[in-house]
Amino acid sequence: MAGTTTHYEEHVMNTTIETRDRTVLVTGATGNQGGATARHLLAAGWHVRALVRDDTTPAAVALAAAGAELVRGDLDDRASVEAAARGAHGVYSVQSANPNELTQGKNVADAAKAAGVRHLVYSSVGGAESQNAFYLQRGWEPIEKWRIEEHIRDLDLPVTILRPAGFMEDFTNPARFFQNGSLNVPWHDELVMQLIAIDDTGAFAALAFANPDDYLGKAIEITGDRLTAPQIAAALSTAAGRPIPHTQVPLDALWEHAPEVAKVFTWADERYFDTDVAPLRQAHPGLMDFTTWLDRTGKARLLAQLDSTPA
């Protein structure tokens, strides 16, 4: 009868509303932080819409098999991100360090604004405020992630900014701090480095979406452990069952070959930042310290690197 709504139509409308309320668009979903966020959101019952450039890659296929909805798009194409965000409750935004990072971060923020999402969670970087102030004091350009944060604030978006510390995974990664069976870091031995497992970044993103009253409008440093380089080397040695030496890479060498990296560690050596882990562990009791991360996943990564190191 005209003007009436059937039970089926009510069910469809309610399902549509419920899906919107539980849908989060995850950028970088086939990468490290985005992948961790997608896993935690799926486990918590959210409908994950994963933005992918290629839906045929093994990582994308695995996401779909885990229950995610795949949507094709590119962070360099704002229109594709806006189309993917349309109808979603929230957006998780993460970008790798790349020449287009600033444009990509702004594109996601602009798309979230245009799509009217109710919660943007942006993954920035640990100590962003301290680092940016140090850069400006030195007459250097602002850091890209701080500029993205500022753009988000200018848009007056409903946002949670997460600032993850240095990743524990970097300390078993030959492309970062672990080469030829040795820990090699460009900071002094007294510096207390802030560390977090990548999986825990996803856990905090899921917590932010689940508890907007506690997280909206906040910028939160997230850290799982605080260790010096000698302490990190000692933990690696225990896990490996053999001594893992560590050396300090001269900053002069970085200035010559990788000046942008040298800027980061000049800041770390001179000003850095610190985080109180206790309230973070209260919010997320499963938050891993470095030893726990090694026991769960890091040891296997470490041993694989050692096995591939020429004698």
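Q: At what angle do helix α5 and helix α7 pack?
A: This is a predicted model, so take the geometry as computed from it. Helix α5 covers residues 101-115 and helix α7 covers residues 144-154. Their axes sit 9 Å apart, and the packing angle is about 20°.

Q: Is α5 roughly parallel or roughly perpendicular to α7?
A: The two helices pack at about 20°. Angles under 35 degrees count as roughly parallel, which means α5 and α7 are roughly parallel.

Q: How many charged residues are there in the contact of α5 with α7?
A: On the α5 side, the contact includes Glu101, Lys106 and Asp110. From α7 come residues including Glu144, Lys145 and Arg147. Split by class, the contact has 4 nonpolar, 2 polar and, for the charged group, 6.

Q: Is the crossing of α2 and α8 left-handed or right-handed?
A: Helix α2 (residues 32-43) meets helix α8 (residues 198-210) with axes 7 Å apart. The angle there is about 50°, and α2 and α8 are therefore oblique to each other. As for its hand, the crossing is right-handed.

Q: How many nonpolar residues are in the contact of α2 with α8?
A: α2 brings in Ala36 and Leu41, among others, while α8 adds residues including Ile198, Ala203 and Phe209. Polar residues number 6 and charged ones 2 in this contact. The nonpolar count is 7.

Q: How are α10 and α14 oriented to each other, oblique or roughly perpendicular?
A: Helix α10 runs over residues 229-240 and helix α14 over residues 290-307, with axes 9 Å apart. They pack at about 70°. Angles of 65 to 115 degrees count as roughly perpendicular, so α10 and α14 are roughly perpendicular.

Q: Which residue is the charged one in the contact of α10 with α14?
A: By class, this contact has 10 nonpolar, no polar and 1 charged residues. α10 supplies Ile232, Ala235, Leu236, Ala239 and Ala240. α14 supplies Phe290, Leu294, Leu302, Leu303 and Leu306, plus one that counts as charged, Lys299.

Q: What is the volume of the second largest pocket?
A: Val249, Leu254, Val261 and Phe265 are among the residues lining this pocket. The volume comes out at about 160 Å³.

Q: Which charged residue lines the second largest pocket?
A: The lining has 7 nonpolar, 2 polar and 1 charged residues. Gln179 and Asn184 count as polar. Among the lining residues, the one that counts as charged is Arg176.

Definitions and conventions
Residues are numbered from 1 along each chain as its sequence is written. This is a predicted model: local features need pLDDT of at least 70, side-chain atom pairs count only at pLDDT 80 or more; totals for chains, interfaces and linings use all residues. Side-chain values use heavy atoms; hydrogens and water are left out. On a 1 Å grid over the protein atoms alone, a cavity is a set of points where a 1.4 Å probe fits but cannot get out, and a pocket is an open set with protein on both sides within 12 Å along at least five of seven lines; lining residues have an atom within 4 Å of a point. Grid points are joined across faces, edges and corners, and a volume is the space filled by probe spheres set on the points. Axes are lines fitted to C-alpha atoms, for helices over the stretch in contact, and angles run from 0 to 180 degrees between N-to-C directions. Helices (H or I, at least four residues) and strands (E, at least two) are DSSP runs, numbered from the N terminus. Angles under 35 degrees count as roughly parallel, over 145 as roughly antiparallel, 65 to 115 as roughly perpendicular and the rest as oblique. A crossing is left-handed if the near helix is turned anticlockwise from the far one by less than a right angle, and right-handed if clockwise. Contact means heavy atoms within 4.5 Å.
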